[in-house]
Amino acid sequence: MKATLSTMVRMALLSACVFATAAGAEEAKKVEFNADTPQMGFNNWNSTHCRDEFNEDMIRGVADKLISSGLRDAGYRHINLDDCWADWKRDKNGNLQPNLKRFPHGIKALADYVHERGFAFGLYSSAGTNTCEPHQANRGFPGGLGHEKQDAAYFASVGADYLKYDNCNNQKVPAKERYKAMGEALRATGKPIFYSLCEWGENKAWLWATDPAVGASSWRTTGDISDNYASMLKIFKENVVLDAYAGPGHWNDPDMLEVGNGGMTDVEYRSHFSLWSIMAAPLLIGTDLRKIKPDALEILLNKEVIAVDQDPLGVQGKRVRDTNGVHVIVKPLKDGSRAVAVFNEADAAQDVAVSAKELGLQASAKYRMRDLWKHSDAQGDGSIKLRLEPHATVMYRISAQ
Ligand code: GLA
């Protein structure tokens with residue numbers, strides 16, 4: 001089932017490109033996207049919420065910037081629209097329709113633009129009567145509950161390859177029932193659509209979302225992230241203990257990245273990116289890339305850290321130490337090496353020593369210790385000894401020599 005989905009998604013993207021321009025088709029041939037590794041891409045929510053700047057100019061500009069900055073080629077292949085893309089009411093046939101102020105050329109034209117440049121295109125809805133963002137009379141935009149078939153058909157018709165399905169206004173209908181109804185409707189369209197659940201961990205989606213009747217490829221494990229260190233830290237702690245539930249085709253989602261939004265220091269953003277990667281989390285950029293500063297871009301472009309997130313073994317890192325605010329997380333990788341993140345959550349610097357044994361390595365052997373932020377190599381016995389600044393993370397890839 002999982003292998004079939006990923007093959008289908010890959011095929012779908014390749015076929016979407018048959019109609020693309022010659023140059024676009026050239027680019028699109030490079031698309032290799034599936035749920036075998038965590039999804040990577042862009043979603044507008046963290047930077048725009050529902051403000052007017054969320055519109056087709058922004059999304060096109062972001063697509064262009066993903067290409068010109070090298071982010072697309074570093075693996076960021078999804079472009080997803082969040083809440084507020086829709087009009088607040090359905091059309092006379094009960095179909096969803098775009099907000100034409102934001103998207104004067106419609107959603108299909110935007111999906112085409114995105115596909116032609118080698119990206120997958122994503123939309124958002126809620127497994128409730130309305131979405132989350134209050135609109136008129138405190139109601140959100142139209143939601144999918146009771147409209148699953150019609151809405152799934154709409155998503156497929158405009159070329160959506162991805163659906164983020166939220167949890168607001170759910171009328172207390174049991175979660176699995178609601179998410180299964182949309183999962184079935186998406187599959188019934190015949191178009192492969194990546195299914196990303198967003199029930200905030202309220203119903204422990206990790207226990208049931210992989211049931212083929214639901215068919216989710218990822219599920220949110222926590223409430224919403226905000227652009228500050230306390231929020232990032234809280235979410236990390238909630239997600240890191242769920243490692244047993246993640247694997248190829250089914251990922252824990254601790255919410256989208258805040259890197260670049262300005263509310264954390266670069267040290268904290270590097271920790272955020274390191275921790276999400278060692279937890280094999282989806283890497284969905286949540287900043288307006290048209291305005292990103294070079295330091296933040298450099299974080300998002302760190303291919304050695306991305307490679308940890310995207311490692312084909314598909315294991316979420318396991319925390320082996322949580323003492324005095326020091327967290328040590330170890331992630332086995334396909335080539336037999338191990339990624340290690342050592343994070344100091346405290347507000348003061350700390351001296352940290354981690355033995356090879358704690359990392360599951362033999363102390364006697366000789367190891368190559370690759371520092372994934374300094375991009376430098378050292379030889380060692382597998383142990384780590386250093387002084388960690390407040391809120392900082394070091395990351396190594398340790399391989400036998
Ligand atoms: C919820 C989700 C967020 C975002 C908003 C949109 O809060 O958890 O990620 O999609 O809704 O309204």
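**Close-up views of a predicted model**

**View 1. Strands β3 and β4 pair side by side.** Strand β3 (residues 120-126) and strand β4 (residues 162-166) run parallel and are joined over 5 bridges. Gly122 has Tyr162 in β4 as its bridge partner. Strands (E, at least two residues) and helices (H or I, at least four) are DSSP runs, numbered from the N terminus, and two strands pair if DSSP finds at least two bridges between them. This is a predicted model, in which local features need pLDDT of at least 70 and side-chain atom pairs count only at pLDDT 80 or more, while totals for chains, interfaces and linings use all residues. Residues are numbered from 1 along each chain as its sequence is written, and side-chain values use heavy atoms, with hydrogens and water left out.

**View 2. An open sheet contains 8 strands.** The order is β7-β6-β5-β4-β3-β2-β1-β8, with parallel pairing. At the edges, β7 (251-253) and β8 (283-285) each pair on one side only.

**View 3. Helix α7 carries a salt bridge between Lys180 and Glu184.** The closest N and O atoms of this pair are 3.6 Å apart; a salt bridge places a side-chain nitrogen of Lys or Arg within 4 Å of a carboxyl oxygen of Asp or Glu. The two residues are 4 positions apart in the helix, about one turn. Lys180 is partly exposed because its relative accessibility is 31%, and Glu184 is likewise partly exposed at 39% (buried is under 20% relative accessible area, exposed over 50%, partly exposed in between; 1.4 Å probe, protein chains only).

**View 4. Arg220 and Asp224 form a salt bridge.** Their side chains meet at 2.7 Å, N to O. Arg220 counts as buried, because its relative accessibility is 2%.
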